[in-house]
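Thanks for sharing this one with me. Here are my notes, as numbered points, for you to read alongside the model.

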Amino acid sequence: MKLHRVALIGFGEVGQIFARDLRTAGVSHLAAFDIAFKHPENPQSRAARTQAITLCASAGEAAAQADLVISSVTAGSALIAAESVVGHLRHSPFFLDVNSVSPSTKQATSMVVEQAGGRYVEAAVMTSVPPHGIRSPMLLGGPHADAFIDHAACWDMRLTAFSPEVGRASSVKMCRSVMIKGLEALTTECMLAARHYGVEDQVLNSLADTLPHEDWRSLARYMISRALLHGRRRAEEMREVARTVQEAGIEPMLASSTVKRQDWAFARGQELGPNAVASDDLDTLLDALLAVTRQSAGRPSGD
């Protein structure tokens, strides 16, 4: 059995990439809902029309006829997204939850979907989506993981059934994010201070000695730019990471601090604008970021 009709709940970066790849893989019926669709000229709305995707007025409308519902919203909206399709899952579609949230949030979402008649599949995406699209490695969880892998075989996805227990796959993702999103925050703070003191080259050379990488300068620029572009979404994910760490009985000191730096980075990215954030030159990016940082620091409280 093939999955002929796919609904995307959330049409941000991940949703748009998945839609593109699913269309290339032969899926002819794609529907989507995003809260941004309320504004017809929003980038998400324009992107959906460009890809000839049916724009729906509600998540329930998108899910009503789907064989597969893919939820790719911000971490803080993951459970709400599932609740929004209750009443539209009686035909037992797969519900693929690719959101980066804590195991307990995945478990709560699973209960909502299963009680509504859907077949919940937990997905932990284990790499950055843009380079790989639907072929991004995913760990799957829940009792329907194997069945979904069989149904999606024609799409050549990189899927691994990790556990029949919902939450275990996401614990891998959350623990990984302590490191990955934390590295973005550390790199941003490290390189800004180094540029202020004029020692960025020496710091980068030292990092290359201690943590070998072929091009630390490009890596640093990439990590900083990702936080500037997507810090708000990353901060929401890191709140779920902090929750995961807390539920393990460990105080999430670093995860909580990463939330603050990611939120800060997104605010500075908005001030910089897309052209400055897209700079390929690390020094240019750092100089622009230092400038808006100093401007922000000089504003009266409440601005």
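1. Does D156 count as buried, partly exposed or exposed? D156 counts as partly exposed, because its relative accessibility is 48%. Please keep in mind throughout that this is a predicted model. The value for D156 sits under the 50% cut-off above which a residue would count as exposed.

2. The partner of D156 is R135, and the two form a salt bridge whose closest N and O atoms are 3.3 Å apart. R135 lies in the loop between helix 6 (129-132) and strand 7 (138-141), while D156 lies in the loop between helix 7 (145-151) and strand 8 (159-163), so the pair ties together parts that are 21 residues apart in sequence. R135 is partly exposed too, with a relative accessibility of 37%.

3. That pair belongs to a wider set: searching the whole structure gives 17 salt bridges. Another of them joins R195 and D283, with 3.6 Å between the closest N and O atoms. Here the bridge links distant parts of the chain, since R195 is in helix 8 (residues 168-197) and D283 in helix 13 (residues 282-297), 88 residues apart. You may like to look at the accessibility on both sides. R195 counts as partly exposed at 21%, whereas D283 counts as buried at 17%. The two values fall on either side of the 20% cut-off, which is why the labels differ.

4. What surrounds D283 in helix 13? Leaving aside neighbours within four places in sequence, D283 is in contact with R195, E200 and R217.

5. A third bridge to inspect is the one between the side chains of D263 and R239, at 2.7 Å from N to O. This pair also links distant parts of the chain: D263 is in helix 11 (residues 253-272) and R239 in helix 10 (residues 216-247), 24 residues apart. D263 is partly exposed at 30% relative accessibility, and R239 is partly exposed with a relative accessible area of 42%. Elsewhere, salt bridges that share partners join R195, E200, D201, R217, D283 and D287 into one network.

6. Several members of that network turn up again where two helices meet. Helix 9 (residues 200-210) and helix 10 pack with their axes 9 Å apart, at an angle of about 105°. That angle makes helix 9 roughly perpendicular to helix 10, because it falls in the range from 65 to 115 degrees. On the helix 9 side, the contact is made by E200, D201, L204, L207 and A208. Helix 10 contributes W216, R217 and A220. E200, D201 and R217 are thus named in the packing contact and also in the salt-bridge network.

7. Which residues does R261 touch, beyond those up to four places away in sequence? They are A185 and E189. With E189 there is also a polar contact of 2.6 Å between the side chains. R261 is found in helix 11 and is partly exposed, with a relative accessible area of 23%. R261 and G231 are 30 residues apart in sequence, yet their C-alpha atoms are 8.2 Å apart in space.

8. K106 makes a nice contrast with the charged residues above. K106 sits in helix 5 (residues 103-116) and is buried, with a relative accessible area of 0%. A polar atom of the K106 side chain lies 3.2 Å from the backbone oxygen of A123. Not counting neighbours within four places in sequence, K106 is in contact with D97, V98, N99, V101, Y120, E122, A123, V166 and S170. A123 therefore appears both as a contact of K106 and as the residue whose backbone oxygen faces that polar atom at 3.2 Å.

9. A last word on the cysteines. A disulfide is a covalent bond between the sulfur atoms of two cysteines. How many disulfides does a search of the whole structure find? The count is zero. As for individual cysteines, C154 counts as partly exposed at 47% relative accessibility, and C190 is partly exposed with a relative accessible area of 31%.

Methods. Residues are numbered from 1 along each chain as its sequence is written. This is a predicted model: local features need pLDDT of at least 70, side-chain atom pairs count only at pLDDT 80 or more; totals for chains, interfaces and linings use all residues. Side-chain values use heavy atoms; hydrogens and water are left out. A salt bridge is a side-chain nitrogen of Lys or Arg within 4 Å of a carboxyl oxygen of Asp or Glu. Helices (H or I, at least four residues) and strands (E, at least two) are DSSP runs, numbered from the N terminus. Buried means under 20% relative accessible area, exposed over 50%, partly exposed in between (1.4 Å probe, protein chains only). Contact means heavy atoms within 4.5 Å. A polar contact is a pair of N or O atoms within 3.5 Å; within protein, one must be able to donate a hydrogen and the other to accept it, and residues adjacent in sequence count only if both atoms are side-chain atoms. A disulfide is a pair of cysteine sulfur atoms within 2.5 Å. Axes are lines fitted to C-alpha atoms, for helices over the stretch in contact, and angles run from 0 to 180 degrees between N-to-C directions. Angles under 35 degrees count as roughly parallel, over 145 as roughly antiparallel, 65 to 115 as roughly perpendicular and the rest as oblique.
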